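Me: I should like to learn how to read a ligand site and backbone angles in a model. May we work through one together?

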Amino acid sequence: MATTYRTELTPADRERIRAMVSSTGFFNQIEIDCSVELADDRLNDGPESGYSFVFAEEDGRVVGYACYGPIALTLGSYDLYWIAVDKSAQGQGLGRKLMDKVLELIGAEGGRQFYIETSTREQYLPTRTFYERCGGRLVATLEDFYSPGDGKAIYCKKV
Ligand SMILES: CC(C)(COP(=O)(O)OP(=O)(O)OC[C@H]1O[C@@H](n2cnc3c(N)ncnc32)[C@H](O)[C@@H]1OP(=O)(O)O)[C@@H](O)C(=O)NCCC(=O)NCCS
């Protein structure tokens, strides 16, 4: 199926994001609310918010999205804040396509690389595997970062 991409964010996307992120079954309520707050920041403050969005659509339906933005005081380094593929569309290469699209969009803005942070906990092994399979390189691990025994893994993907 053809995948198209859209970078404009509309108010209706708030609920699409909530539904998609919830559908993954991966995030708790605070995290789900946080994903919508990033969209609110963008809707309220525009590019000044520092958050950019890209939506993947199939047959006019949003099936995945990513949120990213430049890291202040760096020259061309970006953070990937969020990436999610609707439960119904996972395992079909969409997550990889979104990672590639983010890289393309960042490159078009003169960016050099993006960073992704995640937990070292066992629960996040699938997420870390996904980043690695999509070309992310583990560049640092901060032990006990989130809590004792729960470190931060930082991946980097270069344009
Ligand atoms: C992580 C996520 C974005 C992956 O999207 P997807 O469309 O299912 O992934 P793809 O089909 O593009 O897979 C790309 C590669 O990652 C691997 N991969 C994807 N999900 C995986 C999993 N759960 N476990 C192991 N490997 C996985 C695939 O095998 C594939 O590798 P290959 O092509 O070399 O075989 C999606 O599963 C998701 O939204 N998960 C919940 C949210 C999340 O974890 N977000 C990241 C933290 S913000």
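The dialogue below treats the ligand site and then two backbone angles.

Reply: This is a predicted model, in which local features need pLDDT of at least 70, side-chain atom pairs count only at pLDDT 80 or more, and totals for chains, interfaces and linings use all residues. Residues are numbered from 1 along each chain as its sequence is written, and side-chain values use heavy atoms, with hydrogens and water left out.

Me: Which residues come nearest to the ligand?

Reply: A residue is near a molecule if one of its heavy atoms lies within 4 Å of it. Here 19 residues surround the ligand, and Val 85, Gly 91, Gly 93, Gly 95 and Arg 96 come nearest. By class, the shell holds 9 nonpolar, 8 polar (Gly counts among these) and 2 charged residues (Asp, Glu, Lys and Arg form this class).

Me: What is the distance from a ligand oxygen to the polar backbone atom of Gly 91?

Reply: A polar contact is a pair of N or O atoms within 3.5 Å. For Gly 91 the distance is 2.8 Å. A backbone N or O atom of Gly 93 also lies 2.8 Å from a ligand oxygen, while a side-chain N or O atom of Thr 127 is 3.3 Å from one.

Me: Where is Leu 73 found, and is it buried or exposed?

Reply: Most residues other than glycine have a negative phi. Leu 73 has a positive phi, near 65°, and is found in the loop between β3 (61-70) and β4; strands are DSSP runs (E, at least two residues) numbered from the N terminus. Leu 73 is exposed, with a relative accessible area of 90% (buried is under 20%, exposed over 50%, partly exposed in between; 1.4 Å probe, protein chains only). Asp 144, in strand β6 (residues 137-147), has a positive phi near 55° and is partly exposed at 46%.

How values were computed
Polar contact = N/O pair within 3.5 Å; in protein donor to acceptor, adjacent residues only side chain to side chain. Helix = DSSP H or I, 4+ residues; strand = E, 2+ residues; numbered from the N terminus.
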